[in-house]
Amino acid sequence: MLERLDGPENVLAFRAIGKIEKSDYDTVLEPAVDAMMKERGELRFVYVMDDAFDGYTMGAGWEDTKMGLGHLTKWKRCAVATSHDWIRHAVGMFRWMMPGEIKVFGENEIDLALAWAAGL
């Protein structure tokens, strides 16, 4: 499940809880991204993947890839707040493929991640 987090109005922020499925993208994330694109023309995103996060289903992984590629030039900043070393390593390894700026924060640094993503 994806839980919407409060933050600056120019930032989309979500916490991943449990196993993320394709339906989470279809009903929560993609509509929010589309609305942000329509309103602001760019994406600033914070994704919290702490101990409550259990991974992605295959369908969700594909939706994640499609969403990133679908708005490739519109990603401005993406902050990942995580407690998982494997996520830190994956972000580092694939950073060159990711559009815009990306930065990893600790699970207790969500406020810093929000501020950075907002450009504050």
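**Exercise 1. Find the aromatic pairs around Phe 45 and classify them.**

Searching the whole structure turns up five aromatic pairs. Rings of Phe, Tyr and Trp (its six-membered ring) pair if their centres lie within 6.5 Å; planes under 30 degrees apart count as stacked, over 60 as edge-to-face and the rest as tilted. Before going on, a word on the source: this is a predicted model, where local features need pLDDT of at least 70, side-chain atom pairs count only at pLDDT 80 or more, and totals for chains, interfaces and linings use all residues. Residues are numbered from 1 along each chain as its sequence is written, and side-chain values use heavy atoms, with hydrogens and water left out.

Step 1. Take Phe 45 with Tyr 47: the centres are 5.7 Å apart and the planes make 50 degrees, a tilted pair.

Step 2. Now Phe 45 with Trp 75: the centres sit 5.8 Å apart with the planes at 85 degrees, so this pair is edge-to-face. It links distant parts of the chain, since Phe 45 is in strand β4 and Trp 75 in strand β6, 30 residues apart. Helices (H or I, at least four residues) and strands (E, at least two) are DSSP runs, numbered from the N terminus.

Step 3. Put the rings together: Phe 14, Phe 45, Tyr 47 and Trp 75 are linked into a cluster by ring pairs.

**Exercise 2. Decide whether Phe 45 and Tyr 47 are buried or exposed, and place them in a core.**

Step 1. Check the cut-offs: buried means under 20% relative accessible area, exposed over 50%, partly exposed in between (1.4 Å probe, protein chains only). Phe 45 comes out at 5%, so Phe 45 is buried. Tyr 47, at 6%, is buried too.

Step 2. Look for the core, meaning a set of buried Ala, Val, Leu, Ile, Met, Phe, Trp, Tyr and Cys residues joined through side-chain atoms within 4.5 Å. The largest one has 23 residues, and Phe 14, Phe 45 and Tyr 47 have the most contacts inside it. At least two residues of this core come from each of β2 (12–16), α1 (22–40), β4 (43–49), β6 (75–82), α3 (85–94) and β7 (101–106). α1 gives the largest share, six residues.

Step 3. List what Phe 45 touches (contact means heavy atoms within 4.5 Å). Beyond its neighbours within four places in sequence, the partners of Phe 45 include Leu 12, Phe 14, Leu 29, Trp 75 and Ala 117.

**Exercise 3. Work out the strand order of the sheet and its edges.**

Step 1. Two strands pair if DSSP finds at least two bridges between them. That gives an open sheet of five strands in the order β1-β2-β4-β6-β7, with mixed pairing.

Step 2. β1 and β7 each pair on one side only, which makes them the edge strands.

Step 3. Zoom in on β4 and β6, which pair in the parallel sense over seven bridges. Val 46 has Ala 79 of β6 as its bridge partner.

**Exercise 4. Find out what Glu 9 does with its side chain.**

Step 1. Locate Glu 9: the loop between β1 (2–4) and β2. With 66% relative accessibility, Glu 9 counts as exposed.

Step 2. Setting aside neighbours within four places in sequence, Glu 9 contacts Met 36 and Arg 40.

Step 3. Check for a polar contact, a pair of N or O atoms within 3.5 Å; within protein, one must be able to donate a hydrogen and the other to accept it, and residues adjacent in sequence count only if both atoms are side-chain atoms. The side chains of Glu 9 and Arg 40 are joined by one of 3.0 Å.

Terms used:
Contact = heavy atoms within 4.5 Å.
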